[in-house]
Amino acid sequence: DPPGETIYVRDMETGDVFAPTASPIRDLGTYIARHGRGYSRFEHSACDVAMDLVHYVPVDEPIKISRLTLRNLSNKERRLSVTAYAEWALGSSRGASIPFIQTEIDPDTGAMLAINPWNMAFGGRVAFFDMAGHQEAWTADRREFVGRNGRLSYPAALQTDAPLSGAT
């Protein structure tokens, strides 16, 4: 199955794009995945950057937290960007829900908020995506990010230095 969410790392000097998980970008390196009660951990090294991604769900909170640790394996200074991508279903299936999902940026935190007011069971619930307040740009336009007829393994937005539009 194609991933519904992923985290990309981009070398701002070379333009190389890589990820801590084996999908959607996969190179010839070794990927390690560990799963336990309430967590998954992914480790991978690419382009002289070691990546350690942990997804976990606190026992007492209805939230998923992702913690990405990057380590420079080279002797040179690096400029890296981290981009998170999510396709919210907010219903029984992405295909059925996507026309009804509404997004906005929270002015206080910069988090992207999403709702599906047409979903009978969860219409009053709000999903959010936040990068601890460090996000600098965003878009809720899949075509802008992936590109026309694009692929998650080669998103158009990560092939350029142009900023995202901020569309919601």
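How many helices and strands does the secondary structure of the protein chain come to? In this predicted model, the count is two helices and ten strands. Read from the N terminus, the order is β-β-β-β-β-β-β-α-β-β-β-α, so a run of seven β elements comes before the α element that precedes the last three β elements, and an α element closes the chain.

On overall dimensions, the radius of gyration is 17 Å, which agrees with the value near 15 Å that a compact globule of 168 residues would have. Laid along the principal axes, the box filled by the C-alpha atoms is roughly 55 × 40 × 35 Å. Of the contacts between residues at least 6 apart in sequence, 43% join residues at least 24 apart. Buried residues account for 32% of the 168 in the chain. The accessible surface is about 11,000 Å², and carbon and sulfur atoms own 51% of that. As for charge, there are 17 positive and 21 negative side chains, with the centres of the two sets 7 Å apart.

Next, the interior. In soluble globular proteins, nonpolar side chains tend to be buried together. Here the largest nonpolar core has nine residues: Tyr8, Val17, Ile25, Tyr85, Phe145, Val146, Leu152, Ala157 and Leu158. A second core, separate from that one, has six residues, among them Trp88, Ile101, Ile105 and Ala114. Back in the largest core, Leu152 makes a handy reference point. Beyond its neighbours within four places in sequence, Leu152 touches Pro3, Tyr8, Pro24, Tyr85, Glu87, Arg142 and Val146. Tyr8, Tyr85 and Val146 from that list are also members of the nine-residue core.

Pro24, one of the contacts of Leu152, also has a backbone feature to report: the peptide bond leading into it from Ser23 is cis, with omega near 15°. Pro24 sits in the loop that links strand E2 (17–18) to strand E3 (31–36).

Two residues other than glycine come up with positive phi. Asp48 has phi near 65° and is placed in the loop between strand E4 (39–46) and strand E5 (49–56). Its relative accessible area is 45%, so Asp48 counts as partly exposed. Ala132 has phi near 55° and belongs to the loop between strand E10 (127–129) and helix H2 (142–146). With a relative accessible area of 62%, Ala132 is exposed, because the cut-off for that class is over 50%.

Notes: Residues are numbered from 1 along each chain as its sequence is written. This is a predicted model: local features need pLDDT of at least 70, side-chain atom pairs count only at pLDDT 80 or more; totals for chains, interfaces and linings use all residues. Side-chain values use heavy atoms; hydrogens and water are left out. Helices (H or I, at least four residues) and strands (E, at least two) are DSSP runs, numbered from the N terminus. The radius of gyration is taken over C-alpha atoms; the globule rule is 2.2 Å times the number of residues to the power 0.38. Buried means under 20% relative accessible area, exposed over 50%, partly exposed in between (1.4 Å probe, protein chains only). Contact means heavy atoms within 4.5 Å. Accessible areas come from the Shrake-Rupley method with a 1.4 Å probe; for residues, only the protein chains shown count as cover. Lys and Arg count as positive and Asp and Glu as negative; His and the chain ends are not counted. The place of a charge is taken as NZ of Lys, CZ of Arg, CG of Asp or CD of Glu. A nonpolar core is a set of buried Ala, Val, Leu, Ile, Met, Phe, Trp, Tyr and Cys residues joined through side-chain atoms within 4.5 Å.
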